[in-house]
Amino acid sequence: MAAANRKSSDSPYVYREFGGDNSPALERGVQDLPPAQQNLRVQASRKGRKGKTVTVISGFQSTPETLTALVKQLKSQCGSGGTVKDNEIEIQGDHKQKIIEILTQQGYKAKISGG
């Protein structure tokens with residue numbers, strides 16, 4: 001009967017040393033560096049995408065809001081879809097050269113990586 005009296009909001013843990021999982025003190029801070037201090041890698045990839053080519057831009061040290069604004073601009077200038085995943089930007093299709101030009105105009109240090 002003790003389990004029947006238990007509230008649904010009660011935690012199964014009796015004791016936790018560092019509080020809940022969503023504690024703001026435990027979140028890792030993201031350093032938002034200016035574009036000139038970021039070294040980006042641009043590569044075309046097909047792995048895990050059923051043969052579809054995707055241009056992946058990695059090496060960002062920015063907040064998610066900055067990446068969201070940048071992916072929106074890249075998608076419109078490349079005329080294709082894209083997303084932000086795991087602090088990387090993915091643009092559908094092979095747009096390496098165009099993305100390098102756009103990023104260098106904005107002050108980023110960008111290089112083509114891979115073959």
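Starting from the N terminus, the protein chain runs β-β-α-β-β-α-β, with helices (DSSP runs of H or I, at least four residues) and strands (E, at least two) numbered from that end. That comes to two helices and five strands. Before you click around, note that this is a predicted model: local features need pLDDT of at least 70, side-chain atom pairs count only at pLDDT 80 or more, and totals for chains, interfaces and linings use all residues. Residues are numbered from 1 along each chain as its sequence is written, and side-chain values use heavy atoms, with hydrogens and water left out.

**The whole chain**

Colour everything by burial. Of the 115 residues in the protein chain, 26% are buried, where buried means under 20% relative accessible area, exposed over 50%, and partly exposed in between (1.4 Å probe, protein chains only). Now for contacts, meaning heavy atoms within 4.5 Å. Among those in the protein chain with a separation of 6 or more, 50% join residues 24 or more positions apart.

**Stop 1: helix 2**

Select residues 96-105, which make up helix 2. Which of its residues are buried? They are K96, I99, I100, I102 and L103. Look down the axis of helix 2: these buried residues fall within an arc of 165 degrees (taken from the directions from the helix axis to the C-beta atoms), so they line one face of the helix. An α-helix has 3.6 residues a turn, so residues three or four places apart point the same way. Spin the view round to the face turned away from the buried side, and you'll find the exposed Q97 and Q105.

What do the buried residues of helix 2 pack against? Add strand 1 (39-45), strand 2 (54-58), helix 1 (64-78), strand 4 (88-92) and strand 5 (109-112) to your selection, and you have their partners.

**Stop 2: where the helices cross**

Keep helix 1 and helix 2 on screen. Their axes (lines fitted to C-alpha atoms over the stretch in contact, with angles running from 0 to 180 degrees between N-to-C directions) come within 11 Å and cross at roughly 130 degrees. Helix 1 and helix 2 are therefore oblique to each other; angles under 35 degrees count as roughly parallel, over 145 as roughly antiparallel, 65 to 115 as roughly perpendicular and the rest as oblique.

Show side chains for L70, L74, Q77 and C78 in helix 1, which meet K98, I99, I102 and L103 in helix 2. The residues of this contact divide into six nonpolar, one polar and one charged. Here Ala, Val, Leu, Ile, Met, Phe, Trp, Tyr, Cys and Pro count as nonpolar, Asp, Glu, Lys and Arg as charged, and the others, Gly among them, as polar.

**Stop 3: just past helix 2**

Step along to Q106, in the loop between helix 2 and strand 5. Q106 is partly exposed, at 30% relative accessibility. Leaving aside residues up to four places away in sequence, Q106 touches P35, L70 and Q73. Try a distance label too: the C-alpha atoms of Q106 and A36 are 8.7 Å apart, though 70 residues separate them along the chain. Also just after helix 2, G107 has a positive phi of about 100 degrees.

**Stop 4: two loop residues**

Most residues other than glycine have a negative phi, and most peptide bonds are trans. Go to K50, in the loop between strand 1 and strand 2. K50 is not a glycine, yet has a positive phi of about 55 degrees. Is K50 buried or exposed? At 85% relative accessibility, K50 counts as exposed.

Finish at N87, in the loop between strand 3 (82-85) and strand 4. N87 isn't a glycine either, and has a positive phi of about 65 degrees. With a relative accessible area of 36%, N87 is partly exposed.
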